[in-house]
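The exercises below are meant to be worked through with the sequence and the model side by side. Try each task before reading the solution that follows.

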Amino acid sequence: MTSGLRTVASRLDAEDELAWYLNGFIAAPGVSAYLDGNSLGRPLRANWERFVEFTSGPWGTRLIRSWDEEWLQLPFEVGDRIGSLIGAAPGQCVVADSTTVLLYKLAAAALSACDDPGRDEILLDSDNFPTDRYVLEGLAEDRGLQLRFIEPEFDAGVTVEQVRAQVSERTALALFSSVAYRSGYLADMAAISSAVHEAGAVIGWDLSHSVGVVKTELDSAGADFAVGCTYKYLNGGPGSPAFGYLASRHHDRWQQPIWGWMGRRDPFTMGPGYQPADGLRSLLSGTPPILAMLPLIVSLDLIEMAGLPAIRSKSLALTDFVLSCVDELLVPHGVAVRSPREASRRGGHITVQRKGFREINGRLWECGVICDYREPQCLRLGPSPLSTTFGEVLTAVEAIAEELVDYR
Ligand SMILES: *Cc1c(COP(=O)(O)O)cnc(C)c1O
């Protein structure tokens with residue numbers, strides 16, 4: 001029944017200009033399809049070598065001298081490399097903490113910088129990733145602010161019309177995700193940022209589901225700040241440090257709330273009292289997670305070599321193929337596509353929905369077909385352009401279809 005799709009998959013894999021990169025990833029015996037690169041990217045083989053080199057070199061031999069020689073700069077150097085993937089000029093991105101913590105720090109800094117007491121609302125959407133909603137809820141409670149929720153369509157995300165309807169002279173801060181974690185909807189960052197600015201508020205973006213797969217233009221959109229994680233399409237490994245972006249116009253004006261020694265001016269004087277370091281360094285709190293950045297660095301080497309335009313075009317080809325497979329093999333079983341079909345509004349993954357998917361996903365995991373389950377009854381199919389083949393996409397969709405044959 002699927003031989004036509006198998007022929008297409010083989011042709012697309014044979015023509016894939018990024019196929020060379022597949023070998024860079026560690027093979028997972030027993031896994032016939034991994035469509036969860038949008039949740040945890042696969043590790044690169046070169047990680048081993050990099051850990052060995054690091055342990056014997058900068059750590060083992062240069063010892064504490066490495067802080068001066070390279071490590072104190074690393075959060076900013078790696079930050080700039082991520083910056084070039086998200087349209088940020090150098091000097092505005094830092095690698096530190098986790099997404100949750102960096103979001104707290106930047107959103108708190110934004111609220112503290114707002115000197116208009118009439119601005120007592122934070123604008124967000126009910127479909128944003130839970131941590132984003134919870135962090136803002138905590139900040140609102142602390143500061144006596146109200147949360148105003150936009151309710152996006154289930155299979156879409158926040159639109160500029162919705163933002164225009166809700167943003168006002170009471171808004172202090174708005175925060176959205178550029179790619180919605182459930183539907184994969186790609187928001188119109190430039191239009192939404194302008195709408196928020198026209199109302200006199202600041203705009204923050206969570207790029208966790210877009211960095212490394214969708215080209216983002218933070219500077220030209222006029223974003224005030226952004227955060228994102230590095231273990232999804234950036235393959236940084238479980239719990240790898242996050243990145244934060246702060247537009248240079250806010251440097252030396254916004255102050256984040258976790259005053260640690262690494263964000264202080266002249267930290268090694270160990271002096272009395274906290275004074276923020278100049279510029280972006282004041283976003284740091286404690287010692288940067290140098291060791292935890294190694295897999296991220298290895299992965300950035302590869303992403304830069306492949307180039308984001310080629311990665312995005314393979315990502316779109318992969319999600320186009322996901323849609324073809326789903327339409328042919330799953331829709332007849334009552335499965336609904338809950339992601340945008342237009343390429344211009346599509347992030348890196350496709351979400352499908354049907355009763356029974358929770359249970360089916362458990363069985364698929366046992367037989368080495370790995371998708372991602374999200375409530376309510378949704379499977380996210382998240383191919384990662386450098387590590388996923390078209391053949392794998394078909395294998396996963398065929399496995400889901402087989403499960404559905406007997407499922408009522
Ligand atoms: C994955 C993700 C996070 C993760 O936050 P952590 O602090 O790393 O747990 C945050 N926001 C969004 C939108 C995400 O997709």
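Accessible areas are computed by the Shrake-Rupley method with a 1.4 Å probe, and for residues only the protein chains shown count as cover. The model is predicted, so local features need pLDDT of at least 70 and side-chain atom pairs count only at pLDDT 80 or more, whereas totals for chains, interfaces and linings use all residues. Residues are numbered from 1 along each chain as its sequence is written, and side-chain values use heavy atoms, with hydrogens and water left out.

**Exercise 1. Describe the surface and the overall build of the chain.**

Begin with the surface: the chain exposes about 16,800 Å², and carbon and sulfur atoms supply 55% of this area. Turn next to the interior, where buried residues (under 20% relative accessible area, with a 1.4 Å probe and protein chains only) account for 57% of the 408 residues. Then compare the radius of gyration, taken over C-alpha atoms, with the globule rule of 2.2 Å times the number of residues to the power 0.38. For 408 residues a compact globule would come near 22 Å, and the chain agrees because its own value is 22 Å. Finally, the C-alpha trace spans about 70 × 60 × 35 Å along its principal axes.

**Exercise 2. Work out which residues surround the ligand and which polar contacts they offer.**

The shell around the ligand holds 13 residues, of which T100, D206, H209, Y231 and K232 come nearest; a residue is near if one of its heavy atoms lies within 4 Å. Helices here are DSSP runs of H or I with at least four residues, and strands are runs of E with at least two, numbered from the N terminus. By that count, α5 (99-113) and α6 (130-143) each supply at least two residues of the shell.

Now look for pairs of N or O atoms within 3.5 Å. Oxygen atoms of the ligand lie 2.6 Å from a polar side-chain atom of Y231 and 2.5 Å from one of K232, while a nitrogen atom of the ligand is 3.1 Å from an N or O atom in the side chain of D132. Taken alone the ligand exposes 390 Å², and the protein buries 88% of that.

**Exercise 3. Is N235 buried or exposed, and what does its side chain meet?**

Locate N235 first, in the loop between β7 (225-228) and β8 (242-246). With a relative accessible area of 6%, N235 is therefore buried. The side chain of N235 makes a polar contact of 3.2 Å with the side chain of S299. Beyond its neighbours within four places in sequence, N235 is in contact (heavy atoms within 4.5 Å) with F25, G41, R42, T230, P295 and S299.

Note on methods: A polar contact is a pair of N or O atoms within 3.5 Å; within protein, one must be able to donate a hydrogen and the other to accept it, and residues adjacent in sequence count only if both atoms are side-chain atoms. Buried means under 20% relative accessible area, exposed over 50%, partly exposed in between (1.4 Å probe, protein chains only).
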